[in-house]
Amino acid sequence: GLAAGRAHTATIALDLTSDVPETPLLLAPADGATNVPVTPVLSWGPAATAVAYDLEIATDITFSQIVYTATMVSASHSVTTVLASDSLYYWRVRAQNGCGPGSYTAIPNLK
């Protein structure tokens, strides 16, 4: 900017995207994993151009019974709600950026 003969400059970073981010690749726990801790750590590979991730855990594969949601900037998350032991859960993740959310991942189950 300029003011009364003085100039000030600043360097900024500008990230531009032209589409929603790709679908993340789920890493752990694997589909069908058993003996998963009641507060599991879920992880996935980072998606190009993602600025955040939406995580959902449900008791049914159609996600009509969602029991946990979170939004984070990293490609892993420690679940903060205690899940019932010996119960079947499904989880999925989608990436988002300024263009909107991408597609949800395939839906693995864990117990």
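In this predicted model, Leu25 has Gly45 of strand E4 as its bridge partner. That pairing is one point in the contact between two strands, E3 and E4, which run antiparallel and are joined by three bridges, with E4 covering residues 41-45. The two strands belong to an open sheet of three strands, whose order is E3-E4-E7 and whose pairing is antiparallel. Strand E3, which covers residues 25-28, and strand E7, which covers residues 76-78, stand at the edges of this sheet with a single partner strand each, so one side of each is left without a neighbour in the sheet. If the directions of the strands are ignored, neighbouring strands in this sheet are turned by 25° against each other on average.

It helps to step back and look at the chain as a whole. The secondary structure of the protein chain consists of 10 strands and zero helices, so that a reader who follows the chain from the N terminus meets the elements in the order β-β-β-β-β-β-β-β-β-β. Along its principal axes, the C-alpha trace spans about 70 × 25 × 25 Å. The radius of gyration of the protein chain is 19 Å, whereas a compact globule of 111 residues would have one near 13 Å. Of the 111 residues, 34% are buried, and the accessible surface of the chain comes to about 6,800 Å², with 54% of it belonging to carbon and sulfur atoms. When contacts between residues at least 6 apart in sequence are considered, 58% of them join residues at least 24 apart.

Where, then, is the loop that links E3 and E4, and what does it hold? Pro29 is found in this loop, and the peptide bond that joins Ala28 to Pro29 is cis, with omega at about -5°. Asn35 is found in the loop between E3 and E4 as well, and its phi, near 55°, is a positive value in a residue other than glycine. Both features can be set against a general background: most residues other than glycine have a negative phi, and most peptide bonds are trans. Asn35 is exposed, with a relative accessible area of 71%. Pro40, whose place is also in the loop between E3 and E4, is by contrast buried, because its relative accessible area is 2% and buried means under 20%. Leaving aside neighbours within four places in sequence, Pro40 is in contact with His77, Ser78, Val79 and Leu83. The C-alpha atoms of Pro40 and His77 are separated by 8.3 Å, although the two residues are 37 residues apart along the chain.

The interior of the model can be approached through strand E5. Seven of the seven residues of E5 are buried, so this strand is largely enclosed by the rest of the structure. Ala52, Asp54, Glu56 and Ala58 point one way from E5, while Tyr53, Leu55 and Ile57 point the other way, and all are buried. Strand E5 pairs with E8 in the antiparallel sense over seven bridges, and it is joined to E6, also antiparallel, by six bridges. Tyr53 illustrates both pairings, since this residue stands opposite Ala95 in E8 and opposite Met72 in E6. In the loop between E5 and E6 lies Phe63, whose phi, near 60°, is a positive value in a residue other than glycine. Phe63 is buried, with a relative accessible area of 6%.

Which residues have the most contacts inside the largest nonpolar core? This core has 18 residues, and those with the most contacts inside it are Leu42, Trp44, Tyr53, Leu55, Ile57 and Trp91. Strands E4, E5 (52-58), E6 (66-72) and E8 (89-97) each supply at least two residues of the core, and the largest share, four residues, comes from E8. In soluble globular proteins, nonpolar side chains tend to be buried together. Leu42 shows how one core residue meets distant parts of the chain: leaving aside neighbours within four places in sequence, Leu42 is in contact with residues including Ala28, Pro29, Leu55, Ile57, His77, Val79, Trp91 and Leu110. Among these contacts is Pro29, the residue that follows the cis peptide bond, and also His77, which is likewise in contact with Pro40.

Conventions. Residues are numbered from 1 along each chain as its sequence is written. This is a predicted model: local features need pLDDT of at least 70, side-chain atom pairs count only at pLDDT 80 or more; totals for chains, interfaces and linings use all residues. Side-chain values use heavy atoms; hydrogens and water are left out. Two strands pair if DSSP finds at least two bridges between them. Axes are lines fitted to C-alpha atoms, for helices over the stretch in contact, and angles run from 0 to 180 degrees between N-to-C directions. The radius of gyration is taken over C-alpha atoms; the globule rule is 2.2 Å times the number of residues to the power 0.38. Buried means under 20% relative accessible area, exposed over 50%, partly exposed in between (1.4 Å probe, protein chains only). Contact means heavy atoms within 4.5 Å. Accessible areas come from the Shrake-Rupley method with a 1.4 Å probe; for residues, only the protein chains shown count as cover. A nonpolar core is a set of buried Ala, Val, Leu, Ile, Met, Phe, Trp, Tyr and Cys residues joined through side-chain atoms within 4.5 Å.
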